[in-house]
Amino acid sequence: MANAFSGLWQADNQPLITQLTQLANIARSEFDIEISVDKMLNDISYRQLVISELTQLSHHQITEITTWLSSTETPVSAEIIAPRKSPLLLIFTVIFALFIGVCYFWYTNPITAEQPTEPVNYAKTLTENQISASQFAAKAAKPELSNNSSIVPVTPEIETVFRLHGSNTIGEKLAPLLLEGFLQKQGINDFNWTRNNPLERVLHYRIDDKHYAIELESHGSSTAFTGLKNKTADIGMSSRRIKDSEVTELESIAGHLNKLGNEHIIGLDGLAVIVNQNNAVKQLSSITLAKIFSGEINNWSQIGGADLPIVLYARDEHSGTWDTFKNLVLKKHDKKLSAQANRFESSSKLSTLVSQNEAAIGFIGLNYVLHNKAIAISESQGTSAIFPTRFTVGTEDYALARRLYFYTPTSASNVVKDFAQFALSTEGQEVVSDAGLISQNIKLEQVYPLETAPEKYQYYAKTAQRLSLNFRFDYATKDLDNKGKRDLLRLVEFMEEHQSRRIVLMGFSDSIGAVSKNTNLSLSRAKSVELALTARGIPVLAVEGMGEALPIANNDTEDGRKRNRRVEVWIL
């Protein structure tokens with residue numbers, strides 16, 4: 001580092017750019033503070049604020065850089081030789097100039113309260129690590145220009161547009177990306193985040209001279225419904241469906257939250273159970289998986305593998321992946337994670353360690369399978385073991401898949417409803433995919449014939465492709481559930497872009513009741529989807545009723561029966 005900064009705040013001053021870049025990197029990595037190098041170069045008020053606030057952090061590297069930035073060299077000028085002047089003439093000239101100046105100031109500046117200067121807008125904030133959002137707003141609106149106490153800073157009024165509370169699985173990564181995409185779609189690119197703690201943050205943006213904020217708190221799914229009840233939240237984020245008791249409790253406050261206009265399935269979540277590639281075990285049932293991770297089964301030889309003690313790898317308590325596994329496997333079978341399990345904050349590290357240990361097993365997001373083998377999971381005995389893919393999670397055939405929800409009150413503002421609609425749109429679903437979750441945008445998959453499948457199913461498996469959605473129904477009815485109603489619109493849009501293709505609908509039922517009755521019920525459900533499509537101008541080539549064949553879930557539970565009541569969509 002040079003002994004002193006040259007004082008030239010210019011983009012071509014390479015030593016300066018090097019120090020500013022280093023300052024920005026340290027601030028981001030150590031304190032989660034975002035600094036704009038360009039604004040440091042061009043905006044003196046912003047520059048002074050950044051240097052002042054960062055110096056207070058007492059970080060040795062930051063202090064060294066800010067000290068350097070303040071040590072401006074005095075430029076050496078060429079000596080100017082002027083003729084000598086008489087001392088008396090010089091004194092007279094100074095006195096006369098002072099007299100004229102005082103008179104001018106007296107007549108042109110009557111003694112009044114000083115007027116504040118124009119506010120200064122900042123593209124980036126320093127975040128809450130050193131000042132609160134309101135404190136920063138005050139400084140951003142009126143930087144200190146002098147020590148004159150009569151100058152009162154002007155704090156811009158910040159309007160809170162809406163507040164999201166609930167699931168950390170949604171709030172950690174997906175919700176911020178959706179909010180940014182929502183603003184960008186409206187042409188708003190000048191926004192920034194402040195963070196009060198790891199689970200609470202605020203998105204700030206500006207339109208013209210007005211300042212706005214969107215609050216995001218991610219303390220768990222149950223807080224979504226508490227926030228809606230207390231009216232401290234405008235949108236609830238949940239990685240589970242609202243309970244009947246919560247629907248009843250909130251009905252007078254928020255309306256019917258389990259209805260289509262209030263319940264928004266914004267994506268799907270799935271996780272993979274991984275083992276070392278040399279492990280001979282290929283599939284596990286949900287109950288066996290729960291026994292493994294609770295420690296009841298502790299050697300691979302107990303389930304057909306090598307004689308090796310099982311080594312358990314699990315994500316940490318704050319992980320959304322852990323939350324999914326805990327709810328879909330351990331809680332489902334009344335089990336708790338073994339105290340012998342190794343916990344990891346990093347998905348990549350967990351995946352790497354499994355690939356290096358033939359005795360290991362772990363669970364991970366689909367993107368982190370890497371050099372391991374994903375295990376096929378069956379819901380129970382009598383159901384097919386299914387491998388985790390983005391397709392099988394998208395169709396919800398895979399046992400460790402779940403829906404992610406936004407809940408909005410009936411009385412919600414237009415901007416809240418617009419945001420929920422953006423999350424459901426094709427563009428919003430691309431954001432869901434970018435966040436590492438499962439989009440509901442339709443994709444095609446080649447399905448291979450199954451030995452246990454009916455003959456008609458075998459035929460279509462050889463000649464057609466399956467779409468990445470299933471229509472599901474409420475119990476004992478032909479009414480589509482809320483996801484099915486929205487998927488119907490997605491299918492219409494998809495077919496409008498593939499007008500030369502033809503649809504085949506295959507209906508399936510649960511196993512409750514007589515076989516013939518279930519076959520007829522599965523066919524009538526498929527025909528109800530056909531009617532909805534033809535009414536929208538989408539032709540259907542064939543409709544088949546498969547009855548209770550090919551169950552993908554346990555018919556002994558209501559959730560399992562609901563998953564088995566489905567209509568698959570195939571295309572020729």
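A pocket here is an open set of grid points with protein on both sides within 12 Å along at least five of seven lines. The model discussed below is predicted.

**Pockets**

By that definition, the second largest pocket has a volume of about 820 Å³. It is lined by 33 residues, and Glu172, Arg315, Ser319, Gly320 and Thr321 are the closest to its centre. Four elements each supply at least two lining residues to the second largest pocket: helix 7, strand 3 (200-207), strand 6 (263-275) and helix 12.

The largest pocket holds about 1500 Å³ of space. Its lining runs to 48 residues. Nearest the centre of the largest pocket lie Ser239, Arg240, Arg241, Leu328 and Arg402. Which element gives the most to the lining of the largest pocket? Helix 12 does, with six residues. Helix 7 (168-171), helix 10 (244-254), strand 13 (401-407) and helix 20 (558-564) are also among the elements that each supply at least two residues of this lining.

Volumes and lining classes are set out below.

| Pocket | Volume | Lining residues | Nonpolar | Polar | Charged |
|---|---|---|---|---|---|
| Largest | about 1500 Å³ | 48 residues | eleven residues | 16 residues | 21 residues |
| Second largest | about 820 Å³ | 33 residues | nine residues | 15 residues | nine residues |

Helix 7 and helix 12 appear in the lining of the largest pocket. Helix 7 and helix 12 also appear in the lining of the second largest pocket.

**Ser221**

Ser221 is in the loop between strand 4 (210-217) and helix 9 (222-230). Is Ser221 buried or exposed? Its relative accessibility is 12%, so Ser221 counts as buried; the cut-off for buried is under 20%. Beyond its neighbours within four places in sequence, Ser221 contacts Gly166, Ser167, Met237, Ser238, Ser239 and Arg240. Two of these contacts, Ser239 and Arg240, are also listed nearest the centre of the largest pocket.

**The chain as a whole**

The chain comes to 20 helices and 18 strands. Of its 572 residues, 49% are buried. Among contacts with a separation of 6 or more, 69% join residues 24 or more positions apart.

**Helix 15 against helix 16**

Two packed helices are described by the angle between their axes and the distance between the axes. Helix 15 (residues 414-424) and helix 16 (residues 426-434) pack at about 65°, with axes 4 Å apart. Helix 15 and helix 16 are therefore roughly perpendicular to each other. Helix 15 brings Phe422, Ala423 and Leu424 to the contact, while helix 16 brings Thr426, Glu427, Gly428 and Gln429. By class, the residues of this contact are three nonpolar, three polar and one charged.

**Pro539 and helix 17**

Pro539 is in the loop between helix 19 (515-534) and strand 17 (540-545). Pro539 is partly exposed, because its relative accessible area is 37%; that class lies between 20% and 50%. What does Pro539 touch, not counting residues up to four places away in sequence? Arg502 and Ile503. Pro539 and Met495 are 44 residues apart in sequence, yet their C-alpha atoms are 9.3 Å apart in space.

Strand 17 also has a part in the cover over helix 17 (residues 455-463). The buried residues of helix 17 are Tyr457, Gln458, Tyr460 and Ala461. What covers these residues includes strand 16 (503-508), strand 17 and strand 18 (566-571). An α-helix has 3.6 residues a turn, so residues three or four places apart point the same way.

How values were computed
Residues are numbered from 1 along each chain as its sequence is written. This is a predicted model: local features need pLDDT of at least 70, side-chain atom pairs count only at pLDDT 80 or more; totals for chains, interfaces and linings use all residues. Side-chain values use heavy atoms; hydrogens and water are left out. Axes are lines fitted to C-alpha atoms, for helices over the stretch in contact, and angles run from 0 to 180 degrees between N-to-C directions. Angles under 35 degrees count as roughly parallel, over 145 as roughly antiparallel, 65 to 115 as roughly perpendicular and the rest as oblique. Contact means heavy atoms within 4.5 Å. Ala, Val, Leu, Ile, Met, Phe, Trp, Tyr, Cys and Pro count as nonpolar, Asp, Glu, Lys and Arg as charged, and the others, Gly among them, as polar. On a 1 Å grid over the protein atoms alone, a cavity is a set of points where a 1.4 Å probe fits but cannot get out, and a pocket is an open set with protein on both sides within 12 Å along at least five of seven lines; lining residues have an atom within 4 Å of a point. Grid points are joined across faces, edges and corners, and a volume is the space filled by probe spheres set on the points. Buried means under 20% relative accessible area, exposed over 50%, partly exposed in between (1.4 Å probe, protein chains only).
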